[in-house]
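Me: I'm new to reading protein models, and I'd like a close look at one part of this one. Could you start with a single residue in a loop and then work outwards to the rest of the chain?

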Amino acid sequence: YATYTLRVVSPWKVDGQLPGYVEMGVEFEDLMAGIKQALHADVLVLMPKANIDRARWNVAQSRKSAAGHWDEFPEVVVLSRTTGKVPREVAAYLSQSGQRPAERQFRVEEDGRVAQVVTRPLRNMRGMVVGEMVMIKDMTEIAADAYRSLALIVGSCLVVGLGLMLFVYVVLGRVQQDVALRTAHLAETRRVLALEQN
C-alpha cells in the first residue's frame, strides 16, 4: 500500500536447521515521531513518483489523519511527515526538477522564524538511493542567542575601546601639561641664566 517500513530480517535456526526467518519492522511514521522527539526537528520522507503506485498511495493516504497530496511537488511525493507546513524555500527546493544534490544543508527564514534544513538520501539494502529525508530544525532561539551574544561582544568591545581612548586622552593630556610646564620652567631658567650672564 505504498508505505515504507524499516525492516530487519534475521535467520531463525533450530538445531542447526533453518525453518525460516524472523522479521521486525517499524513504520516510517513511528520512526519519524521518534526522530522529531529526539532531535526536536520536523521530518519529511520523500520518494520519487516514478517509484510509487498512485492508486496504492491514495489508499494509504486515506488511512492517515494528515493525508498528503499527490500534486504537492512535481517529481516527489511525501510518504511521511511530522509537520503540515513546509517552509516556502524548502517547498521551492523540493519542487526543482531533475536530480538534487545527495546531501545539502541550508538555512531558511520565514515569518520571523529561522530554520536549518538538512537533506539526506535514503538508501535500500543494495545501497541504491530510493528516496530522500528532509529534516527542518527551528533555530530561532539559537539564532537570537547568537545575535544577543554578538551584540554583547560588540558592545563590550566598544566600551573597552572608548575606555582605552579616554585613558590615552587623559594620560596624553597630563603628559602634555607636564611637558609644557617643564618647557616653561626650562625657558624661565634659560632667561634667568641669560640675564645673569649679561
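Reply: Let's start with D15, which sits in the loop between β1 and β2 (17-27). Keep in mind that everything here comes from a predicted model. D15 counts as exposed because its relative accessible area is 76%, and the cut-off for exposed is over 50%. Now look at the backbone: the phi of D15 is positive, about 55°, even though D15 is not a glycine. That deserves a second glance because most residues other than glycine have a negative phi.

There is another residue to put beside D15. D111 also has a positive phi, near 55°, and is a residue other than glycine. You'll find D111 in the loop between β5 (104-110) and β6. With a relative accessible area of 57%, D111 is exposed.

Now let's zoom out to see what those loops connect. The chain has 4 helices and 7 strands. Going along the sequence, they come in the order β-β-α-β-α-β-α-β-β-β-α. So where does β1, the strand just before the D15 loop, turn up again? Try the largest pocket, where β1 (5-14) supplies the largest share of the lining, 5 residues.

That pocket has a volume of about 480 Å³. Its lining is made of 16 residues, and the ones closest to the centre are T5, L6, R123, N124 and M125. Besides β1, the elements that supply at least two lining residues each are α1 (28-39), β6 (113-123) and β7 (129-138). Sorted by class, the lining has 11 nonpolar, 2 polar and 3 charged residues.

The second largest pocket is worth a stop too, with a volume of about 370 Å³. It is lined by 15 residues, and nearest its centre lie P48, Q99, R100, V129 and E132. Two elements, β3 (41-48) and β7, give two or more residues to this lining. Of these, β7 gives the most, with 4 residues. By class, the lining of the second largest pocket comes to 9 nonpolar, 3 polar and 3 charged residues.

From the pockets, let's step inside. The largest nonpolar core holds 16 residues, and M32, V45, M47, I52, L122 and M133 have the most contacts inside it. At least two residues of this core come from each of α1, β3, β4 (76-81), β6 and β7. There is also a second, separate core of 15 residues, which includes F73, V78, V117 and V134.

To see how one residue fits into the largest core, pick L122. L122 is part of strand β6. Why does L122 count as buried? Its relative accessible area is 14%, and buried means under 20%. Leaving out residues up to four places away in sequence, L122 touches F28, V45, M47, M128, V129, V130, G131, E132 and M133. Among those partners, V45, M47 and M133 are also on the list of residues with the most contacts inside the core. V129 and E132, also touched by L122, appear again among the residues nearest the centre of the second largest pocket. For a feel of distance, compare L122 with G84: they are 38 residues apart along the chain, and their C-alpha atoms are separated by 21 Å.

Now jump to the other end of the story, N198. N198 is in the segment after α4 (140-197). Its relative accessibility is 81%, so N198 counts as exposed. N198 and G173 are 25 residues apart along the chain, and 37 Å separates their C-alpha atoms.

Finally, take in the chain as a whole. Its radius of gyration is 35 Å, while a compact globule of 198 residues would have one near 16 Å. Along the principal axes, the C-alpha atoms fill a box of roughly 130 × 50 × 30 Å. Buried residues make up 27% of the 198 residues; L122 is one of the buried ones. And among contacts with a separation of 6 or more, 45% are between residues 24 or more positions apart.

So that's the route: from D15 in its loop, past the pockets and cores, and out to N198 in the segment after α4.

Note on methods:
Residues numbered from 1 in each chain as written. Predicted model: local features only at pLDDT ≥ 70, side-chain atom pairs only at ≥ 80, totals over all residues. Heavy atoms only, no water. 1 Å grid on protein atoms, 1.4 Å probe; cavity = no way out; pocket = protein on both sides within 12 Å on 5 of 7 lines; lining within 4 Å. Points joined across faces, edges and corners; volume = space filled by probe spheres on them. Nonpolar A, V, L, I, M, F, W, Y, C, P; charged D, E, K, R; others polar. Core = buried A, V, L, I, M, F, W, Y, C linked by side-chain atoms within 4.5 Å. Buried < 20%, exposed > 50% of the residue type's maximum accessible area, 1.4 Å probe, protein only. Rg over C-alpha atoms; globule rule 2.2 N^0.38 Å. Contact = heavy atoms within 4.5 Å.
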